[in-house]
Structures are given as structure tokens and as C-alpha cells.
Amino acid sequence: MPEHMSSMLEPSGLINMPLDEIHTRVAALKDTSEFSEARTLLTQAIDKYPGDLWLTQQLAVCTYKDKNLNPAAQQEKALKILETLDLRNDQNIDSETLSLAGAIYKRKWEQKRQEKHLFDALAFYRAAYERNPSEDKGYGGVNAAYLLDLLASRAHTASIRTKTPPKDANEFSREATQLRESLVRHVPTLWERTKDSGPSPEQDYCHLMTMAEIHFGLEQWEEAQSYLHKVLDLWNTQKKAQIESTQDWQRETSFSQLANIAKLRHYPLPQKHTDISTWHKSWQTLTMIAGEAKVIALSRDRGKVGLGLSGGGFRASLYHLGVMARLAEAGILGSVEVLSTVSGGSIVGAHYYLELKRRLELNTVDHLNELTPRDYC
């Protein structure tokens, strides 16, 4: 096993545990966003079942979603895991592996805003759908369409800034529309073929949200609402049966992506204290499943998280120590990407920066150091 996948932890009783039970335990940990614990279990399970593709894929998932790792470590470790699955072989037709790479590069783009990551994400998502549509079932395709919308928006902004024709923007938009029109024709048939195999609630959710996003992107609001209604029905059924098989992070990701599509299209933003019936159809559609308050929140750009520490000598420094300690205890300090300080605030800010820098540099050439909430405290 590659060094970056080896475990430093004690064995957790996997010797006699069958593979299906390990799958169940991993799914349960993911449901509650306990990604660190899931990583530990998966790493040990791979030692016992080195040929199980699902275990390795899930290790990549739990690695890039584990907030106990700094973002760069999340992504680089996850990609190295996927590369053990022949990720960059142009003959690779495993849509799950390809889509996971697309998701990781999309996360890289969101955090670093480097356009190369956007194109890498698009390439992997497209490959997932085009190389193996029967396995992908539209998931990679609909994400590729979203990225084309994003590229179109960036190209349109550039054309305004440079006062040049929006040729690239129009081309990206055309590709996105063509891809969604292809998806809306073929994806239902792809899912029909799997009905006899009895798809899980999670697979049902994935299909319904994929179809909802396809129609949403094509501005087919009634069709999108119909699929979102089915998502609600599925959730209600799971709740009555006390089944929690759809993770909160999946729901949040789905809603955020739909909201981002609406923002990229520059649909008028919903305003507080106004009648929902006056909102644009896109936001009305999201309201039926997310609620008014959440739609208002999703329609706003959050941007990067920054922390400002004001001046005031050592008195300010002591005050800021308390604030930063509380942020660390709440698990927020690790999300701060920008630090701005002045005078007394710079005393604490400089010490914090230097210690953070020291810990992040405690790494080898190939591996980034992992920081946990305890480290920040």
C-alpha cells in the first residue's frame, strides 16, 4: 500500500469483520460527517481487502471532505489515492473514480480560483459521462454542464472588462445547453435499466437531484419542481422509517449548486420581506424544498473567511487571544483564509501566523501536515 494510505492507528477489530459490515459502518460514519473516523476504518480495511475498489474510492471521498485536514492536504492526499486506481489512464472507464477527481478539482477551484483547476474538473466530469454513460447516469454530465456555465460567466465578465465580443462565453453557454439537452433525453433511460437491481435510497436521491438540476439548467421550472417534490417524498419516507441515508453535506452541495446556477445566470436575487410569488422562478423552485430563509442565504455570496484583529496594545492582544481561542474551540479558526491585523492585533496575529506556518511546514516532500481542531486550540 502507498505510504500516504498507511495507518498510524491501532487496529480496530477488523480481523473477523465481513466486507459488507465494513461498508455499512463506513456509510454510517459518512452520514454523520465523521470523516476522520471513516478514514481510519477505511485505511485499515484496505489493508485487509486491498482489491476492493469501493473502499479506495470512499477513502478518497472521506479524505477530501475531512475538515480536520488543511484544504491543500485534503485535496492532494485524495488525488494520490485516486491515482492508485489508474486515474490518468485515458482508457479508464470507471465513472465513479473520474467523477471524484472532478469533484476534488472543483473544490480546488473554489478555494484557489485557479482556472486550470476548473478545466481539470470539467475534463474529469466529462470523461465520467462520455466514457461510461450507463454507469455515470448523468452525474458527471450535469456537473460538467454546471462548470461550463461557470466558464461562460467568467468569459462574459472578461468580455465586458476588455470590451470585446463575448465569443467564448457564447460557446461555453451553447455547450452547456447542448449537454443538458442530451442528458434530459438519455438519463431517464439509463436509470430505467437499473430498476430491476433495486437502487438504494441514496441512488434514488442522486437520480432525482440529477434530473432536477438538468431541468433547472434548461429553465424548465415545472419539471425541476416535479423532481424536487419527489426528493421531498423520499426524505419523508426515510424519516418515517428512521432511515438517514442521505448525508447533510450532499443536500447542501446540491442546493448550493442550484443556487450558483441561478446566480451565474444573473436571475434577480430574492429579497427579504417580499412575497415569494414575486421572485424569479428559479428561486421559487428552490424555496419549495429549501425554505425561504435558506434560499435567501444561498443566494448570497459568502466568499473567503477573513479575520481582522484591531489595535490597542497588549490589552488588544489579550482580547484577541480570547476571541481566537473561542474560534478554535468552535472549529472555525481553521477556516480563516485571510488575516488582517494592526498594532496590538499584530502581536497575536504574527505569533499565530508563525506557529501555523511552522506546523504546516512539518511535512515531507510528498505529504502535507495534517492539522486537527486540537492543533488550532
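## Ser317 in helix α15

Let's start with one residue of this predicted model. Ser317 belongs to helix α15, which spans residues 313-329. Is Ser317 buried or exposed? Its relative accessible area is 4%, so Ser317 counts as buried, the cut-off for that being under 20%.

Which residues does Ser317 touch, once those up to four places away in sequence are set aside? They are Gly344, Ile347 and Val348.

## Lys106 in helix α5

Another residue to look up is Lys106, found in helix α5 (residues 95-112). With a relative accessible area of 9%, Lys106 is buried.

Now follow the chain onward to Ala121. In sequence, Lys106 and Ala121 are 15 residues apart, while in space their C-alpha atoms are 5.4 Å apart. Ala121 is also one of the contacts of Lys106 when neighbours within four places in sequence are left aside. The others on that list are Tyr125, Asn143, Tyr146, Leu147 and Gln257.

## The nonpolar cores

Leu147, a contact of Lys106, turns up again here. The largest nonpolar core of the model has 83 residues, and Leu147 is among those with the most contacts inside it, along with Leu82, Phe216 and Trp283. Which helix gives the most to this core? That is helix α8 (residues 139-162), with 10 residues.

Phe216 is a good place to look around. Beyond its neighbours within four places in sequence, Phe216 is in contact with Trp221, Ala224, Leu258, Ile261, Ala262, Ser282, Thr285 and Leu286. There is also a second core, separate from the largest one, with 8 residues. Leu307, Ala328, Leu333 and Tyr352 are included in it.

## How α1 and α2 pack

Finally, turn to a pair of helices: α1, covering residues 19-31, and α2, covering residues 35-48. Their axes lie 8 Å apart, and the packing angle is about 160 degrees. Angles over 145 degrees count as roughly antiparallel, and therefore α1 and α2 are described as roughly antiparallel to each other. The crossing of α1 past α2 is left-handed.

Which residues make the contact? From α1 come Ile22, Arg25, Val26, Leu29 and Lys30. From α2 come Phe35, Glu37, Ala38, Leu41, Leu42 and Ala45. Sorted by character, the residues of this contact comprise 8 nonpolar and 3 charged, with no polar ones.

Methods. Residues numbered from 1 in each chain as written. Predicted model: local features only at pLDDT ≥ 70, side-chain atom pairs only at ≥ 80, totals over all residues. Heavy atoms only, no water. Axes fitted to C-alpha atoms, helices over the stretch in contact; angles between N-to-C directions. Helix = DSSP H or I, 4+ residues; strand = E, 2+ residues; numbered from the N terminus. Parallel < 35°, antiparallel > 145°, perpendicular 65-115°, else oblique. Left-handed = near helix turned anticlockwise from the far one by under 90°. Contact = heavy atoms within 4.5 Å. Nonpolar A, V, L, I, M, F, W, Y, C, P; charged D, E, K, R; others polar. Core = buried A, V, L, I, M, F, W, Y, C linked by side-chain atoms within 4.5 Å. Buried < 20%, exposed > 50% of the residue type's maximum accessible area, 1.4 Å probe, protein only.
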